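User: I want to learn how to read strand pairing, cores and surface patches in a model. Can you take me through them?

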Amino acid sequence: MAINTLPPSDPSSAPSVAPESLERTIEFSDNRLLIELCGEYDRNLAQVEQLVSVQINRRGNILAILGEARDRAAEVLQGLYERLEQGKQVEPGDIDAAVRMGGSAAGTGVRDGDQIEMFKGGTLEIGTRKKTVEPRTKAQQDYVRALYDNELAFGIGPAGTGKTYIAVAVAVNQMMSGHVDKIILSRPAVEAGERLGFLPGDMKDKVDPYMQPLYDALNDFLPGKQLAKLIEEKTIEIAPLAFMRGRTLSNAYVVLDEAQNATSMQMKMFLTRLGQGSRMVITGDRTQVDLPRGVTSGLSDAERILKDVPGIGFNYFTAKDVVRHHMVAKIIQAYDKDGPVG
């Protein structure tokens, strides 16, 4: 792959060439991979053009990039091409991630046997049974490092930023690697006040609607039959926060989701369940508290009380880290601009 910086191909159209009008060219040696890089009807190139604000022209096996951000676009295209060389695919989410990602390939703090890898440019990968998870923003990348570096970590930010999804992926990775014996996933069932008796069905039927997002994440990482067996054997537990009282959670990877809906007493109870050989992740969104008016969120309390305690990681996300759908980021930004809800 050869890279050159050249003036426009038609000198007569630009007799005096300013530095910002120079084009950056990249020559790719494998035409098959170049076709994959460009995408059907050059849709991948169009996405890069839109995200980076450049113009990309294809000339045989050469891509010519015009615009002030040509160097950044070239870096993105090179990274995507290297991804194809590694036998991976390039999807719209991968292009978005390549544009967003930055940082250095610093150490991750992982332990021997962790199924996590560092690639050029600082990209991390978390291996699970069904898929490989890659952080798509710098904040997600820092979050993954924090989950491996700390026995207790917090992920705080708006919906759609991957807080829970990444935490569950790391939990599966840690169990596969033999660092923990079980996974425990929990949520406050605050909509029913954690008094579920009036709902129809047995206890599982009552609880499952509140836990469904955790099941969804697990289904992405583990084959269905294996997941069902692990749940049946209680190697993976999914339970409301109230069910954690009185337990000591040892040799487990523990995730508390929607922690903004835990009261201060519930949060203290949950944090003190941490036992030997365990790791704990707390995720939540401070802007979506469903607790009764006047009840302090345990997430805010824990953040205030524990912020200076060594060995506890706090990671924060913003609308810029939303990877769910581009409209979700715009919705969050609009609500943030309008002020607190309620």
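Analyst: We will go from strands to cores to surface. Keep in mind that this is a predicted model.

User: How many bridges join strand E2 to strand E4?

Analyst: Two strands count as paired if DSSP finds at least two bridges between them. Here, E2 (residues 23–27) and E4 (residues 62–66) run antiparallel, joined by 5 bridges. Arg-24 has Ile-65 in E4 as its bridge partner.

User: Which sense does the pairing of E3 and E4 take?

Analyst: Antiparallel, over 5 bridges, with E3 spanning residues 55–59. Arg-59 is bridged to Ile-62 in E4. E3 and E4 make a hairpin, with 2 residues between them. In the turn, Gly-60 has a positive phi of about 65°.

User: Now the interior. Which residues have the most contacts inside the largest nonpolar core?

Analyst: A nonpolar core links buried nonpolar residues through side-chain atoms within 4.5 Å. The largest one here has 38 residues. Its most connected members are Ile-126, Leu-147, Leu-185, Leu-218, Ile-236, Ile-238 and Tyr-253. Elements giving it two or more residues include strands E6, E9, E10 and E11 and helices H5 and H7. Helix H6 gives the most, 9 residues.

User: What is Tyr-253 in contact with, beyond its sequence neighbours?

Analyst: Leaving aside neighbours within four places, its contacts include Leu-147, Ala-167, Val-170, Gln-174, Arg-279 and Val-281. A second, separate core has 24 residues, among them Met-244, Leu-256, Ile-282 and Ile-312.

User: And the surface: which residues form a nonpolar patch?

Analyst: Met-327, Ile-331 and Tyr-335 do, with about 300 Å² of accessible area together. Tyr-335 sits in helix H11, residues 326–338.

Key:
Residues are numbered from 1 along each chain as its sequence is written. This is a predicted model: local features need pLDDT of at least 70, side-chain atom pairs count only at pLDDT 80 or more; totals for chains, interfaces and linings use all residues. Side-chain values use heavy atoms; hydrogens and water are left out. Patches are made of residues with over 30% relative accessible area and no salt bridge: like charges are joined within 9 Å, nonpolar side chains (Val, Leu, Ile, Met, Phe, Trp, Tyr) within 5 Å. Accessible areas come from the Shrake-Rupley method with a 1.4 Å probe; for residues, only the protein chains shown count as cover. A salt bridge is a side-chain nitrogen of Lys or Arg within 4 Å of a carboxyl oxygen of Asp or Glu. Helices (H or I, at least four residues) and strands (E, at least two) are DSSP runs, numbered from the N terminus. Buried means under 20% relative accessible area, exposed over 50%, partly exposed in between (1.4 Å probe, protein chains only). Contact means heavy atoms within 4.5 Å.
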